[in-house]
Amino acid sequence: MHYFNAVLAFVVAGAIAMVLTPLAARLARRIGAVDVPRERGLASHATPLLGGLAILAAVLICAAIWMPHSIHLPLSAHSGGESTHVDTLGLMAGAVLIALVGALDDVFELPALVKLLGQVTAAIIAVKAGAVVTDVTIPFVGAMQFPHAGGTLTVIWLVALMNVINFSDGVDGLAAGLTAIDGIAFAVIAFSLHVSGAAVLAALTAGAALGFLVHNFHPASVFMGDAGANLLGYLLGVVAVAGTLKTNAVVALLVPFVILAVPVLDTAFVVAKRLKYRRKPWSADANHFHHRMARIGFSQRKTVAYLYAWSSLLAALAVGMRVLPIHRHHHISDGWLAVLVALALIALAFSIYLVIVLEIFKFPGQAKGEPAGGAPPRAGPGAGEVPGSGDLSGSGDVPGSGDVPRSGDVDASRAGRERERAERASDLETGEFTKVR
């Protein structure tokens, strides 16, 4: 019966989000919550925000219908024999708060400190509702307990996930698509761990994201804005806590990081770059995966297709890790183990391929500032070039002595090319583009 509830919640949440998103876009245009093209962005026209309000409505309606009043969690190794639960009403209160804070930011552009305060408050509400991790099981090591620091660590985790999804929302359909993929994976794993309430929450989150994606896939007619990105990050973080981390599963600690690897790696890479060049971690630049893919010639649709495929491979690997029994007393099917190893190798190969293509790390022999996919296209024919004899002949004019480039002109042109090459290398390294190429 719980499986049926999850499927219904997924379908209905998608339908509600799909129907309400145009209304949210109309509201955004009326109150001026419109995102205009910016130098570091990939959008080509003014696009309304507040699509996150449609996602919120879908989540609240479906949670009221199919979510239990509390999510009952299995007994953990250190629960003292007492069952624990997570209050659904408290989780939804946190969801409403973070969506409203995001909506205000979409309209008024709140200061970073105010947004952080809203994220922390929503996370604290979730922790008070019972979504707190006090111990985790580390594979091949055992249980690690932190009863006093659990609340703080959970708040950090939830705030981090909100920002991870928010940072990934930079190209049409990316954040919504990744959330749909990850939500489905979390639902399957939560059901396998007998946490049906968390599974239903994951399913309706995935459905709402997918319904919104109908209007957000390139070319997007509406953006989710901070209201949607923070909300989806909050919900995925709660699902990860209630559906995996608060269980006795040996892979409980690994599963969320494998499922969320793509947006987490993107954020970690970008923040590391900003810290390296002594910039604020929340400052804007063009160093995200989707920016780097755009610079080497990927279209928006091709970009999200590659990142969808990467995330799907990792999500399938996480599900396989959960299904495969790794306890020494369990019998492991050789056939299933071979499938899992093959899937892991494919995911690893795909990850290495994208690391090379996106030039996340420099490799020996690769020119600094040149994408692994090939040298960047030149600005235009003859830009910064010295005409040779072939340029002079065939022009229809007989060149005179004044047409022959002087040594000073050649030196100046060479210096200009070197300066342009240095600027391009600096742009590629730091992400500080005057305009995303």
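This tour moves through the model one selection at a time, saying what to select and what is found there.

**Before selecting anything**

The model is predicted, and for that reason local features are given only where pLDDT is at least 70 and side-chain atom pairs only at pLDDT 80 or more, whereas totals for chains, interfaces and linings use all residues. Residues are numbered from 1 along each chain as its sequence is written, and side-chain values use heavy atoms, with hydrogens and water left out.

**The whole chain**

Begin with the protein chain in a cartoon view, where there are 15 helices and six strands; these are DSSP runs numbered from the N terminus, with helices being H or I runs of at least four residues and strands being E runs of at least two. Of its 437 residues, 49% count as buried, where buried means under 20% relative accessible area, exposed means over 50%, and partly exposed lies in between, with a 1.4 Å probe and protein chains only. Switching to a surface, the chain exposes about 20700 Å², of which carbon and sulfur atoms supply 65%; accessible areas come from the Shrake-Rupley method with a 1.4 Å probe, and for residues only the protein chains shown count as cover. Among contacts in the chain with a separation of 6 or more, 72% are between residues 24 or more positions apart, a contact being heavy atoms within 4.5 Å.

**Helix α1**

Select residues 2-31 next, which form helix α1 with 30 residues; at 1.5 Å a residue the helix should span 44 Å, and its end C-alpha atoms are 41 Å apart, which agrees. The expected span here is 1.5 Å times one less than the number of residues. Centre the view on L20, where α1 bends by about 35°, with the proline P22 following within four residues; the bend is the angle between axes fitted to the seven residues ending at a residue and the seven starting there. Just after the helix comes G32, whose phi is positive, near 85°.

Now colour the buried residues of α1, among them N5, A9, G14, I16, T21 and A28. The buried residues of this helix pack against β1 (34-35), β2 (47-48), α2 (51-66), α6 (174-192) and α7 (196-216).

Stay in helix α1 and select F10, which is partly exposed with a relative accessible area of 24%. Not counting residues up to four places away in sequence, F10 touches I184, A203, L204, A206, G207 and L210. A C-alpha to C-alpha distance drawn from F10 to A206 gives 6.7 Å, although the two are 196 residues apart in sequence.

**From P68 to the salt bridge**

Move to P68, in the loop between α2 and β3 (70-73), which counts as partly exposed at 34% relative accessibility. Leaving aside its neighbours within four places in sequence, P68 is in contact with T88 and G197, and its C-alpha lies 9.2 Å from that of V200, 132 residues away in sequence.

Then show the side chains of D105 and K115, which meet in a salt bridge with an N to O distance of 3.6 Å. The structure holds one salt bridge, defined as a side-chain nitrogen of Lys or Arg within 4 Å of a carboxyl oxygen of Asp or Glu. D105 belongs to helix α3 (residues 88-108) and K115 to helix α4 (residues 112-128), ten residues apart. D105 counts as buried at 8% relative accessibility, whereas K115 counts as partly exposed at 27%.

**Backbone details in the loops**

Between α3 and α4, select the loop residue E109, which has a positive phi of about 55° although it is not a glycine and counts as exposed at 64% relative accessibility. A second residue to select is H194, in the loop between α6 and α7, where phi is near 65°, again a positive value in a residue other than glycine; H194 counts as exposed at 69% relative accessibility. Further along, P219 sits in the loop between α7 and α8 (225-245), and the peptide bond from H218 to P219 is cis, with omega near -5°.

**Last stop: Q300**

Finish at Q300 in helix α12 (residues 300-323), which counts as buried at 14% relative accessibility. Show its side chain together with the backbone of D172, since the Q300 side chain reaches the backbone nitrogen of D172 at 3.2 Å.

Terms used
Polar contact = N/O pair within 3.5 Å; in protein donor to acceptor, adjacent residues only side chain to side chain.
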